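Take a look at the aromatic rings in the structure below. Keep an eye on where each ring sits in the chain and how exposed its residue is.

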Amino acid sequence: MADPQRIHPVRDPEAPHTPTVPLVSSGASRSENGDPAGQYPPFQRTIPVKHSKPPKKKRSCLCRCFCWTISLLLLLIVIIAIVVGILFLVFRPKLPKYSIDGLRITQLSLTNNNSLSAAFDVNITARNPNEKIGIYYEGGSRITVLYTETQLCQGSLPKFYQGHENTTVLTVELTGETENATGLLTELEAEQQTGSVPLTLKVRQPVRIKLGKLKLMKMNFRATCSLVVDSLSANNEIGIRSSSCKFKLRL
């Protein structure tokens, strides 16, 4: 009886070959310093942490009020500037002009207590060059005559209204007394010998401006006039050699 045919499995030449035994043993890769894989810590991936943004702060009530106040003030300034600009273009304001046209000394002498008693009559011409603006001269004015910063006499202008393009001539009486004035009188007499006596006349006058039917608030008009006269003889007409005035208008 013939032996049965035996079938032996044949390896497929196209199938991948998987080694069952490692080509290199785990101990063969170690160096003298040990396993290099054990010398370094395991790799760890760092994940960035996202911080949440703090909530936005709302503007406080105080801040809002401050912003509104500043805005209203700026708006008010702009409105006032526009109104002033319109008034300037319509009325074309000009400063009034003043001149000292005459000076008469009625008294300038020493008293028994060595005080210098002085009395001047000053002729002042006031001109309003404005076509549409009137000027109210209010009470509380003051006119002072000085010699080298020493007051000799003083007085005040009367209250009156000056209309458009008007010229007004005023005669103002000034009186005063200076104590311990023996040396002052000696200086004045020496100046008279030269024929040129420097004097200063200062004016402070409260005024109100009238624009049409509108009467504005009170303002202070100031004038400073530098005079040079030829004499200070009492009861005589004094010649004015030179006169120059500067003007300021203040609220």
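This briefing covers ring pairs, burial and one charge over a ring. The model is predicted.

**Ring pairs**
- The count of aromatic pairs is 5.
- One of the pairs joins Y98 and F221: the ring centres lie 5.1 Å apart.
- The planes of Y98 and F221 meet at 45°, so this pair is tilted. Tilted covers angles that are neither under 30 degrees nor over 60.
- Y98 also pairs with F247, at 5.7 Å centre to centre.
- The planes of Y98 and F247 are at 45° too, and that pair is tilted.
- Through these ring pairs, Y98, F221 and F247 form a cluster.

**Where the partners sit**
- Y98 belongs to strand β1, residues 97-110.
- F221 belongs to strand β9, residues 214-229. Y98 and F221 are 123 residues apart, so their pair links distant parts of the chain.
- F247 lies in strand β11, residues 240-250. The pair of Y98 and F247 also links distant parts of the chain, with the two positions 149 residues apart.

**Buried or partly exposed**
- Y98 and F221 are both buried.
- Y98 has 15% relative accessibility, so Y98 counts as buried. The cut-off for buried is under 20%.
- F247 has 24% relative accessibility, so F247 counts as partly exposed.

**A charge over a ring**
- K215 lies over the face of Y136.
- The distance from K215 to the ring centre of Y136 is 4.1 Å.

Notes. Residues are numbered from 1 along each chain as its sequence is written. This is a predicted model: local features need pLDDT of at least 70, side-chain atom pairs count only at pLDDT 80 or more; totals for chains, interfaces and linings use all residues. Side-chain values use heavy atoms; hydrogens and water are left out. Rings of Phe, Tyr and Trp (its six-membered ring) pair if their centres lie within 6.5 Å; planes under 30 degrees apart count as stacked, over 60 as edge-to-face and the rest as tilted. Helices (H or I, at least four residues) and strands (E, at least two) are DSSP runs, numbered from the N terminus. Buried means under 20% relative accessible area, exposed over 50%, partly exposed in between (1.4 Å probe, protein chains only). A charge sits over a ring if NZ of Lys or CZ of Arg is within 6 Å of the ring centre and within 35 degrees of the ring normal.
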